[in-house]
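Reader: Could you take me through this structure? I should like to discuss the interior, the charged pairs and one of the pockets.

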Amino acid sequence: MRKPKRQYITTAIDYPNAPPHMGHVMEKVLADVCVRWFRLRGDDVRFQIGTDEHGIKIQQTAEKEGITPQELVDRNVPLFRELYERLQISADRFIRTSDQNHHWPTVIELWKKLEKAGALEKRTYAGLYCSGCERFITQKELVDGKCPIHQKAPEKVKEENWFFLLKREAAWLKKLLQTSYKIIPEFRAPETFSLLEQGLEDVSFSRPRESLSWGIPVPGDEEQTMYVWCDALTNYISGLGKEMKKYWDEAEVTHVIGKDIARFHALIWPAMLKNAGIRTPDRLLIHGFLTSEGEKMSKSLGNVVVPQDVIDKYGVDALRFYLSHEIPVGNDGDFSWKRFGELYDAMLRNNLGNLLNRVLVMLKKETENLRVDPESSDAEQVAEKWKEYESHMEAFRLHDAVKLCMEWIRLMNAGLNDSAPWKVKDDPAYRMKVLSGFAEYLRHVSLMLLPFMPETVQKISTQLNVPCAKDMLKKDFAITIETKQWGGMVDWKKVGEPEILFPPVG
């Protein structure tokens, strides 16, 4: 039996210059699945999300709309919070970088530590600046003269800024990434190592107040405004407050972020922490991009998928399921309405929903209590399924864990058809044994699906009348030896009432 750990999981903080999109949803669902799995295995977990509210894009968007930057973020941030609450993103903390009481003091303190360590230097810089990336970029990064991410030509800028001396940390960073700061999945690591091989550059850490007024002033130099890196990245520790020791120094720290900002989390952030005398994180879990019908989501193409539209049509857990099933961690993925509909009908409605309904309807006709034989050969099969499932989850092969569950459900349907208990009219003991076995199978597979589809799993468990169903959505609910065992729920005697899990969608 593994010893429970303490975990601190964060996602990238979202930029609220516009409403949330499917990329935001994909990242938060990925992190929430990991968090729920950690909690399910008994770990003490703190989960943080939030919004990155400063910067030139916010400032420019607010100016166009004739409102202040604060009014813009105060209008948009609730859109993120409400969506994530509906998606059952089980965060313990939502941090905002415009919060002058909780965020700013930590950022200012970190800046002072970096300055004291000699890691900051003020100098004049001339270069290319991409407002979309909110950073200076080099000529070699451009594709046809444009930023490859935002498809816009950067502007030429010459200004006096504070710089973070990243270049000198190259050898230390290479050793760190080879030893204690793991990039998951491993195939994402070469991208970062190639940057080290090419040679690092020092990083612009501030901009003149006349260019960027919406942000945290540099301590001791009020004419400079902190740039995104010191401000935004510091949210990971500013949100901890008095629990810094418990959930940073004494925890396993995982940052869940997109591949476009991996370099900043793999290089700038640990180098900042080193110079500030703070321990570095343990893991960087990187996800890819999400396309729509095979193409980049774009308003001009008319293929932008609004998360709320998907939820309204198919439900929260169907969306969580789709993203988890279809997109291996680290890979790019595609959202297709056609594919979504096919998975919903085939896997959720016809396989999972129909199996549960068939088993419950037949069990309700029986008069005896459930009879799950703990000595059955099924016990060994279920133990093997749990072993395989846990192996996938521990390695962050989340899509493999989901597919394991769905294949098992497919086989259950086939097995129910083969055993055909409804045809056995003169042997109620046999019928009860067979149907009890399928109910027990459903109990196990639904528990495995809990991190992915929490509300659905609680509904399944409630219909099965599993004793622990009422506690499944609590943050302290954990798998026990008994719950993983075949026949481990000794107090489970009767099933509940069947209801439709996944209604048809026209």
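Author: The answers below concern a predicted model.

Reader: Let us begin with the interior. How many residues has the largest nonpolar core, and which have the most contacts inside it?

Author: The largest nonpolar core holds 103 residues, and those with the most contacts inside it are Leu 319, Leu 323, Tyr 389 and Phe 452. Helix 1, residues 22–40, gives the most to this core, contributing 12 residues.

Reader: And what does Leu 323 touch?

Author: Leaving aside residues up to four places away in sequence, Leu 323 touches Met 22, Val 25, Met 26, Val 29 and Leu 290. There is also a second, separate core of 61 residues, which includes Val 107, Leu 114, Ala 232 and Leu 273.

Reader: Why might such residues gather inside?

Author: In soluble globular proteins, nonpolar side chains tend to be buried together.

Reader: Turning to charges, how many salt bridges are found in the whole structure?

Author: The search finds 40 salt bridges. In one of them, Arg 46 pairs with Glu 243, with the closest N and O atoms 2.6 Å apart.

Reader: Why does that pair tie together separate parts?

Author: Arg 46 lies in strand 2 (residues 44–51) and Glu 243 in the loop between helix 8 (235–238) and helix 9 (244–249), so the pair joins parts that are 197 residues apart in sequence.

Reader: Is Arg 46 buried or exposed?

Author: Arg 46 is buried, at a relative accessible area of 10%, whereas Glu 243 is partly exposed, at 30%.

Reader: What does Glu 169 pair with?

Author: Glu 169 meets Lys 274 in a salt bridge, at 2.7 Å from N to O. This pair links distant parts of the chain, 105 residues apart: Glu 169 is in the loop between strand 6 (155–164) and helix 5 (170–179), and Lys 274 is in helix 10 (residues 262–276). Glu 169 counts as buried at 2% relative accessibility, while Lys 274 is partly exposed at 36%.

Reader: Now the second largest pocket: what is its volume?

Author: The volume of the second largest pocket is about 290 Å³.

Reader: How many residues line it, and which lie nearest its centre?

Author: The lining has 17 residues, with Asp 378, Val 434, Gly 437, Phe 438 and Tyr 441 nearest the centre. The elements giving two or more residues to this lining are helix 14 (378–394), helix 15 (398–419) and helix 16 (428–448).

Reader: How many of the lining residues are nonpolar, polar and charged?

Author: Eight are nonpolar, five are polar and four are charged.

Key
Residues numbered from 1 in each chain as written. Predicted model: local features only at pLDDT ≥ 70, side-chain atom pairs only at ≥ 80, totals over all residues. Heavy atoms only, no water. 1 Å grid on protein atoms, 1.4 Å probe; cavity = no way out; pocket = protein on both sides within 12 Å on 5 of 7 lines; lining within 4 Å. Points joined across faces, edges and corners; volume = space filled by probe spheres on them. Helix = DSSP H or I, 4+ residues; strand = E, 2+ residues; numbered from the N terminus. Nonpolar A, V, L, I, M, F, W, Y, C, P; charged D, E, K, R; others polar. Core = buried A, V, L, I, M, F, W, Y, C linked by side-chain atoms within 4.5 Å. Buried < 20%, exposed > 50% of the residue type's maximum accessible area, 1.4 Å probe, protein only. Contact = heavy atoms within 4.5 Å. Salt bridge = Lys/Arg side-chain N within 4 Å of Asp/Glu carboxyl O.
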